[in-house]
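Biologist: I am new to this structure and would like a close look at a single part of it. Please begin with one side chain and work outwards from there.

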Amino acid sequence: MRQPKPKRTVPESNQTAPDRMRGLLEEHLVWMQTQNFSEDTVTTRRSCIGYFLDWCRERSLDDPAEITRPVLERYQRSLFQYRKQNGQPLTFRTQNSRLRAVKGFFRWLVRQNRILHNPASELLLPRLENRLPKYILNAEEAERVIQQPDTTTAHGLRDRAILETFYSTGMRRMEVANLKLYDLDAERGTVMIRQGKGKKDRHIPIGERALAWIGKYVREARPALLTTAAEDGTVFLTNEGRPFHRVHLTSLVRSYLRRSKIGKMGGCHLFRHTVATLMLENGADIRVIQEMLGHAKLSTTELYTRVSINLLKQVYSATHPAAHLKPQGAPDADAQAELLATLAAEAVEEDE
């Protein structure tokens, strides 16, 4: 099948009848913004529905009233049959996301009285598999990766601080990209994550070593990268002096993973999985890890349980390998062997 184009803008001269649904999409996105949906959610919704509208245009479907459940089922089959440039199919998670966005769009159309009934109301979404991460780093591999940047250069010092932040906190890539200088509290050893996933703030520990590298970067490298006129306090800056985009952070982490030659692939989320696994194997309570990573709930049936920052810091300091500047002693050999065996058993394919 034909690869959907990433850009779906249309010249004004062509925005006539065939673009009626695209105009409704723009209204839908404005409505989402007025309902305080996050910018990432709005962007994702635009992209997912845009693929559907491209598919409709190829079949001369330009009126939402023309869309029936059989039409949507044909679109669902096209997603299942689609092959990317590398020959791989879309994951069921991607298919589910695109269809879920379309269902939300038609639900909104009915509520706005733009159509009389919702053709997507009974559309069945593909089931999602609960898969464990394919790759997880052990402590030695994590150390090898974060030591790859050349810290004699401004860019290398910045990259080391970024890797230390990922490994120390398990933050999401957008949380690292949006991190501000005033969010860091070196005295208390904490970091404030503002407007994380679900627009939720959280207060979590950060290791002494990560703070030391961030401080060195801020003093010695960040001024050289700060070339923009407007200073908004963003901690990590690109070579052009701008905040990182999440894709750029992924590319950065992947480049150092390849350079480390540890034989494992991944991106920013690999450190997130690694933090959770290492802390859990070292005795951290799962509720502490849940709070640190900002998960809304432990499972679909278990309620979310918050813990205090004092308990969080205490358990973090006792269980995270990089929480202190100086090593706290070698791990027990039996415990280390058990951890490596557990990680090997969990090495299954990850559904990104």
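Is Arg 172 buried or exposed, and what is its relative accessible area?

Modeller: This is a predicted model. In it, Arg 172 has a relative accessible area of 15%. Arg 172 is therefore buried, as that value falls under 20%. The side chain of Arg 172 meets that of Glu 175 in a salt bridge, with 2.9 Å from N to O. Glu 175 is buried as well, because its relative accessible area is 8%.

Other salt bridges can be set beside this one. The whole structure holds 18 of them. Asp 183 and Arg 194 form one, at 2.4 Å from N to O. That pair links distant parts of the chain, eleven residues apart. Asp 183 lies in the loop between α7 (173-177) and β1 (184-185), while Arg 194 lies in the loop between β2 (190-193) and β3 (202-205). Asp 183 counts as buried, at 5% relative accessibility, whereas Arg 194, with a relative accessible area of 43%, is partly exposed.

In the salt bridge of Glu 58 with Arg 59, the closest N and O atoms are 3.3 Å apart. Glu 58 is partly exposed at 47% relative accessibility, and Arg 59 is partly exposed with a relative accessible area of 32%. Salt bridges also link four residues in a network: Glu 143, Arg 160, Glu 164 and Arg 209.

Next come the helices. Two packed helices are described by the angle between their axes and the distance between the axes. Helix α6 covers residues 154-169 and helix α11 covers residues 268-281; their axes come within 7 Å and cross at roughly 40 degrees. That crossing makes α6 oblique to α11. On the α6 side, the contact is made by Leu 163, Phe 166 and Tyr 167. On the α11 side, Cys 268, Phe 271, Thr 274, Val 275 and Leu 278 take part. Of the residues in this contact of α6 with α11, seven are nonpolar, one is polar and none is charged.

The nonpolar cores follow from here. In soluble globular proteins, nonpolar side chains tend to be buried together. The largest nonpolar core in this model has 53 residues, and the members that touch the most others are Tyr 217, Phe 236 and Phe 271. Helix α11 supplies the largest share of this core, seven residues. Tyr 217 can be followed further: leaving out residues up to four places away in sequence, Tyr 217 touches Leu 157, Arg 158, Ala 161, Arg 222, Pro 223, Leu 225, Val 235, Phe 236 and Leu 237. A second core, separate from the largest one, has 31 residues, including Met 21, Leu 24, Leu 72 and Phe 105.

One more residue completes the tour. Asn 96 is found in helix α4, which spans residues 92-111. Asn 96 counts as buried because its relative accessibility is 6%. Apart from neighbours within four places in sequence, Asn 96 is in contact with Leu 125, Pro 126 and Leu 128. Asn 96 and Leu 79 are 17 residues apart along the chain, and their C-alpha atoms are separated by 9.6 Å.

To return to the starting point, Arg 172 is buried, and so is Glu 175, its partner at 8%.

Note on methods. Residues are numbered from 1 along each chain as its sequence is written. This is a predicted model: local features need pLDDT of at least 70, side-chain atom pairs count only at pLDDT 80 or more; totals for chains, interfaces and linings use all residues. Side-chain values use heavy atoms; hydrogens and water are left out. Axes are lines fitted to C-alpha atoms, for helices over the stretch in contact, and angles run from 0 to 180 degrees between N-to-C directions. Helices (H or I, at least four residues) and strands (E, at least two) are DSSP runs, numbered from the N terminus. Angles under 35 degrees count as roughly parallel, over 145 as roughly antiparallel, 65 to 115 as roughly perpendicular and the rest as oblique. Contact means heavy atoms within 4.5 Å. Ala, Val, Leu, Ile, Met, Phe, Trp, Tyr, Cys and Pro count as nonpolar, Asp, Glu, Lys and Arg as charged, and the others, Gly among them, as polar. Buried means under 20% relative accessible area, exposed over 50%, partly exposed in between (1.4 Å probe, protein chains only). A nonpolar core is a set of buried Ala, Val, Leu, Ile, Met, Phe, Trp, Tyr and Cys residues joined through side-chain atoms within 4.5 Å.
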